[in-house]
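Subject: Structure for you to look at

Dear colleague,

I am passing on the structure we spoke about, and I would be glad if you could open it and follow along while you read the notes beneath it.

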Amino acid sequence: SYQQLSPTDAQALHLKTRQDLLSLVELHKETLSATDTCYFDRSFAIQDKRLPQFGLMPKVHKKTVPIPTRPLVKCAGSTVEIMSKYLDYQLQKVVHLCPSYLKDSNSLLHNLNHLGPLPPDASLLSADAVSMYTNIETSHGVASISKWLHRHKRSLPPGFNISLVTEALLVVMQQNVFQFDDTFWLQTSGTAMGTSVACVYAAIYYSL
């Protein structure tokens, strides 16, 4: 899932990502709102952005030894996160169109409390996916998001730019380069770890 890069290659990809995102914004500037344009202008004005940082989060609620860990990439303050936050904001506007969408755990509890009488042989089940994000192949994932957006085109908010969203998703998902101590890595498959848009991206993908 990961390819080690030299410091030079990592920095080159970091700069390329910035240029790719700026080019996308320029290409679609005529369709951007004044608010979106202001967001991108202010965000990209800061050129010295750090690379995302890799780390591990201990699962302290587990009682096993050694304590298992969850890998994570901290993208805050990085160039790619500028676009990822924008994509998350845009997709949050439409994710409610997924029949299986739940806003949060309170929404789930509310729905369960209002199910009404169930048949005596009914069962309520929960499940946990294994490596859910990394099992989404990127080209298929983005193509599926595009297909889903076009399917719901009439229900999208005014000015929603499907082309910008799908083209930017490819950059965010394919160019997730990060630093781990003094080494540099590129994620080569699956949903980009740690990026803001990952959750809603996966929700829409699995809904379709």
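What follows is a short account of one helix contact and two pockets.

Please keep in mind throughout that this is a predicted model.

I began with two helices, α1 (residues 7-27) and α3 (residues 79-92), whose axes come within 8 Å and cross at roughly 35°. On the α1 side the contact is made by H14, T17, R18, L21 and V25, while α3 brings T79, V80 and M83 to it. Sorted by class, the residues of this contact between α1 and α3 comprise four nonpolar, three polar and one charged.

I then turned to the empty space, and the largest pocket holds about 540 Å³. It is lined by 18 residues, of which R70, P71, S131, M132 and Y133 are the closest to its centre. Strand β3 (residues 69-74) gives the most to this lining, namely five residues, and the lining as a whole divides into nine nonpolar, five polar and four charged residues.

The second largest pocket has a volume of about 230 Å³. Here the largest share of the lining, again five residues, comes from a helix, α7 (residues 198-207). Among the residues that line this second pocket you will find Q92, V95, C98, Y101 and K103, together with C199, V200, A203, Y206 and S207. By class, its lining has eight nonpolar, three polar and one charged residues.

With best wishes,
A colleague

Methods. Residues are numbered from 1 along each chain as its sequence is written. This is a predicted model: local features need pLDDT of at least 70, side-chain atom pairs count only at pLDDT 80 or more; totals for chains, interfaces and linings use all residues. Side-chain values use heavy atoms; hydrogens and water are left out. Axes are lines fitted to C-alpha atoms, for helices over the stretch in contact, and angles run from 0 to 180 degrees between N-to-C directions. Helices (H or I, at least four residues) and strands (E, at least two) are DSSP runs, numbered from the N terminus. Contact means heavy atoms within 4.5 Å. Ala, Val, Leu, Ile, Met, Phe, Trp, Tyr, Cys and Pro count as nonpolar, Asp, Glu, Lys and Arg as charged, and the others, Gly among them, as polar. On a 1 Å grid over the protein atoms alone, a cavity is a set of points where a 1.4 Å probe fits but cannot get out, and a pocket is an open set with protein on both sides within 12 Å along at least five of seven lines; lining residues have an atom within 4 Å of a point. Grid points are joined across faces, edges and corners, and a volume is the space filled by probe spheres set on the points.
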